[in-house]
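Trainee: I have a structure open and would like to go through it with you. Can we start with the contacts and then look at the folds?

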Amino acid sequence: MNDKEIEIDLNQIQLTPAEKLEVAETLMRLKKTFKNISDEEAYKIVVHQLLRIGHLPMLRQQLLKRLKNE
Amino acid sequence: MSKRFFYVVCKPKSIDDWENYKICSFGELIKEAGLCRAIIAWIALAKMDFTAITIKPYIISSRILTKRLFLHEFTHLRQQTNDGLLKFGIKYYWAWFINFFFKKETRFNLYEAYYNIPYEIEAYSVQENFQV
């Protein structure tokens, strides 16, 4: 499969309140496991994984639009 | 974006135990749940993008557990306890096979074949009956 990389500005991500809660809860628990990673890296891991399994539909749509335009 | 993958692992003792989970790396998952379960979870979650998998006595997920997701997976745990893990596995995949290849209404439809597995019908009905 030919994966296409896409850069995301973490400050530009729009999440619903429920998604924000899930990301915050996941981040909190993730930091307990991966103690030596930065906040930014942890945030990337969480957003990437949730996107993959289809749980950030708004962001997914934004990214698909961008991919089509590029 | 990051290529790292984490696993949410829960070993519930009862139906109220849904917040008792932790986040693991793959190495920790092997230590916690054993190599076989860890490999199956890796294939299902990290490679096939499933949300969660239940292999008695563990629920392993790629996102934190919500009550609804937990209830769904806990139903599979109960089914595995009642039928035994081997019988559950055989009946589960046999039902999917029949749905996908032979049942007129669900033929060649991955999702419909999955949603019409009797174990899944029960699990979704438990999940849907949960009121927030």
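Mentor: Fine. This is a predicted model, and a good place to start is the salt bridge in which the side chains of R52(A) and D49(B) meet, at 2.9 Å from N to O.

Trainee: Where is D49(B) in its chain?

Mentor: D49(B) sits in the loop between α2 (35-47) and β3 of chain B.

Trainee: What is phi of D49(B)?

Mentor: Phi of D49(B) is near 60 degrees, which is a positive value in a residue other than glycine. Most residues other than glycine have a negative phi.

Trainee: Back to the pairs. How many salt bridges are there between chain B and chain A?

Mentor: The count between the two chains is two salt bridges. Besides the pair of R52(A) and D49(B), E22(A) forms a salt bridge with R63(B), with the closest N and O atoms 2.5 Å apart. That pair runs from helix α1 of chain A, where E22(A) is, to the loop between β4 (58-61) and α3 of chain B, where R63(B) is.

Trainee: Why would such side chains pair up at all?

Mentor: Side chains of opposite charge can pair when their charged atoms come close.

Trainee: And how many salt bridges over all chains?

Mentor: A search of the whole structure gives eight.

Trainee: OK, the interface itself. What area do chain B and chain A bury, and how many residues does the contact take from each?

Mentor: About 2200 Å² is buried between chain B and chain A, with 56% of it on carbon and sulfur atoms. Chain B gives 21 residues to the contact and chain A gives 22.

Trainee: Switching to chain A. What is it made of?

Mentor: Chain A has three helices and zero strands, so to speak α-α-α when its elements are read from the N terminus on. Its C-alpha atoms fill a box of roughly 40 × 25 × 20 Å along the principal axes.

Trainee: How do α1(A) and α2(A) pack?

Mentor: Helix α1 (residues 17-33) of chain A and helix α2 (residues 39-52) of chain A pack at an angle of about 125 degrees, and their axes are 10 Å apart. That angle makes α1(A) oblique to α2(A). Their crossing is right-handed.

Trainee: Which residues meet there?

Mentor: On the α1(A) side they are E22(A), V23(A), T26(A), L27(A), L30(A) and K31(A), and these meet D39(A), A42(A), Y43(A), I45(A), V46(A) and L50(A) in α2(A). The contact of α1(A) with α2(A) divides into eight nonpolar, one polar and three charged residues. E22(A), listed in this contact, is also the residue that forms the salt bridge with R63(B).

Trainee: Now chain B. What about α1(B) and α2(B)?

Mentor: Helix α1 (residues 26-33) of chain B packs against α2(B) at about 135 degrees, with the axes 7 Å apart. The two helices are therefore oblique to each other, and the crossing is right-handed. F26(B), L29(B), I30(B) and A33(B) of α1(B) meet L35(B), R37(B), A38(B), I39(B), A41(B) and W42(B) of α2(B). The split in this contact is nine nonpolar, no polar and one charged.

Trainee: And α3(B) with α6(B), at what angle?

Mentor: About 140 degrees, between helix α3 (residues 67-83) of chain B and helix α6 (residues 118-128) of chain B, with the axes 8 Å apart. They are oblique to each other, and the crossing of α3(B) and α6(B) is right-handed. Among the residues making the contact are R68(B), H72(B), R78(B) and D83(B) of α3(B), and E120(B), E122(B), Y124(B) and E128(B) of α6(B). The residues of this contact divide into five nonpolar, five polar and six charged.

Trainee: Last one. Which residues does the cis peptide bond join?

Mentor: K56(B) and P57(B), with omega at about 0 degrees. Most peptide bonds are trans. P57(B) lies in the loop between β3 (52-55) and β4 of chain B.

Definitions and conventions:
Residues are numbered from 1 along each chain as its sequence is written. Chains are lettered from A and ligands numbered from 1 in the order in which they are written. This is a predicted model: local features need pLDDT of at least 70, side-chain atom pairs count only at pLDDT 80 or more; totals for chains, interfaces and linings use all residues. Side-chain values use heavy atoms; hydrogens and water are left out. Axes are lines fitted to C-alpha atoms, for helices over the stretch in contact, and angles run from 0 to 180 degrees between N-to-C directions. Helices (H or I, at least four residues) and strands (E, at least two) are DSSP runs, numbered from the N terminus. Angles under 35 degrees count as roughly parallel, over 145 as roughly antiparallel, 65 to 115 as roughly perpendicular and the rest as oblique. A crossing is left-handed if the near helix is turned anticlockwise from the far one by less than a right angle, and right-handed if clockwise. Contact means heavy atoms within 4.5 Å. Ala, Val, Leu, Ile, Met, Phe, Trp, Tyr, Cys and Pro count as nonpolar, Asp, Glu, Lys and Arg as charged, and the others, Gly among them, as polar. Buried area is the accessible area (1.4 Å probe) that two parts lose on being put together, summed over both. A salt bridge is a side-chain nitrogen of Lys or Arg within 4 Å of a carboxyl oxygen of Asp or Glu.
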